[in-house]
Amino acid sequence: MSTSPLSAAAPQKAAFDARTRIAQIDILRGLVIVLMALDHVRDYFLGGPGMVGIGGNLLDPTTTTPALYATRWVTHLCAPTFVFLSGVSAYLQFVNGKTTPNLSRFLFTRGLWLIFLELTVLSFGWSFGLPYVLFMQVIWAIGWCMIALTVLVWLPRVAVLAIGVAITLGHNLLDPINAQDLTGLARTVWTFLHDGGPLFVGEQPVGLFAYPVLPWIGVAALGYGLGNVFTQTPAKRDLAVFLIGLGLLAAFLLLRFSMIYGDPAFPTGPEGAWRDWREQTSWGDALMVFLDVQKYPPSLQFTLVTLGVVFALWPLLSRLPEPVRSVLNTFGAAPFFFYVLHIYLIHVLAIAANAAVGNDVSGLFDYMINVFIAPEKLEGLGFALPWVYLAWVVVLALLYPLCRYWKGLKARRRDWWLSYL
């Protein structure tokens, strides 16, 4: 009796029941959501010369401090984890019995929905002004990753894994193709796919491709391709994820020490000197530059070190104190709900806090335009780093009961629309 390729590629469902949520996935997702909130609170609350606004660079050893550097760097873990887990989630739905056509259709419609919300609800939330800048970042990238998975899920899992590996390993070979050297539609397409940067309509900038989609599709494909690791027993899963993490970190160290591939050099300073960790005058500066890998777009070395750290920490998630696990699990079970609310909440709190101390808050309206076009409107705003952390705690405290309610609602009901939120 013959079998179709799709049925032959199907995993053994008896070994795993995806109807039972893997607590560590929700805990991990909750952890990076909490870190993501810190990053966005920093965007709106951190004061000081050159500090307020998304455009500030807190990883430059000539201008930062260890505390500012750590605050920014740790949030690099967020986007790769979100995108990787989106691929894992798609695979687990397949394991749970969702047919390939249904899974493909769901990924396509949810991807379009996320892209639509990024261009409307979320872009306005970042700006608080009309017309607003189209701020295309992690939700945008996840949306396009889901659309790519719409096609990829028809392939065997190993083939998807191979595609993910090829994109992740190879996309830095495309770095010599610079969008600025192209014209017209070719420039826009390459900016969207690989380089990132502003979106123009004519001569007018109308948006920012903060997350060019091709490298992130590679990360989502890795998540789907490695999804079978997460269907193993807890002990085997912990060991496998941990060993993969160590392997990724070893690959990062090899590439970073050798500086042969996987991360473009960064021009800095008025003379555009190329920054190299080996040329720094102190161990502290060398360490900062060593870990300062390119996120926009995510280089191979960025992906290796961030996912390597996350995977190496995976076995510790189940060993966290129960109250911590419970809080992180709640946030992780309502990730998109949290995401939409936290953008608006942080923006409103930043306006309120600055107004309370007598600052001119007009720059916090049309915020994204001001960040890139009129940063002088943000001068005098913001607070010292300890106040940023206090605001972060306030944001989490306000969102926790709402996420707990939403998590309970999704557990009680199976309305189709809930899967889109």
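## Aromatic pairs: worked exercises

The structure holds 28 aromatic pairs; rings of Phe, Tyr and Trp (its six-membered ring) pair if their centres lie within 6.5 Å. This is a predicted model, where local features need pLDDT of at least 70, side-chain atom pairs count only at pLDDT 80 or more, and totals for chains, interfaces and linings use all residues. Residues are numbered from 1 along each chain as its sequence is written, and side-chain values use heavy atoms, with hydrogens and water left out.

**Exercise 1.** Classify the pair Tyr211 and Tyr296, then place both rings.

*Step 1.* Planes under 30 degrees apart count as stacked, over 60 as edge-to-face and the rest as tilted. Tyr211 and Tyr296 are edge-to-face, with 80° between the planes and 5.8 Å centre to centre.

*Step 2.* Tyr211 lies in the loop between β3 (204-209) and α9 (213-225). Tyr296 lies in the loop between α11 (283-291) and α12 (300-317), 85 residues apart from Tyr211. Helices (H or I, at least four residues) and strands (E, at least two) are DSSP runs, numbered from the N terminus.

*Step 3.* Buried means under 20% relative accessible area, exposed over 50%, partly exposed in between (1.4 Å probe, protein chains only). Tyr211 is buried because its relative accessibility is 5%. Tyr296, at 43%, is partly exposed.

**Exercise 2.** Do the same for Phe337 and Trp406.

*Step 1.* Phe337 and Trp406 are stacked: 5° between the planes, 4.6 Å centre to centre.

*Step 2.* Phe337 sits in helix α14 (residues 335-356) and Trp406 in helix α16 (residues 385-412), so the pair ties together parts 69 residues apart in sequence.

*Step 3.* Phe337 is buried at 18%. Trp406 is buried at 10%.
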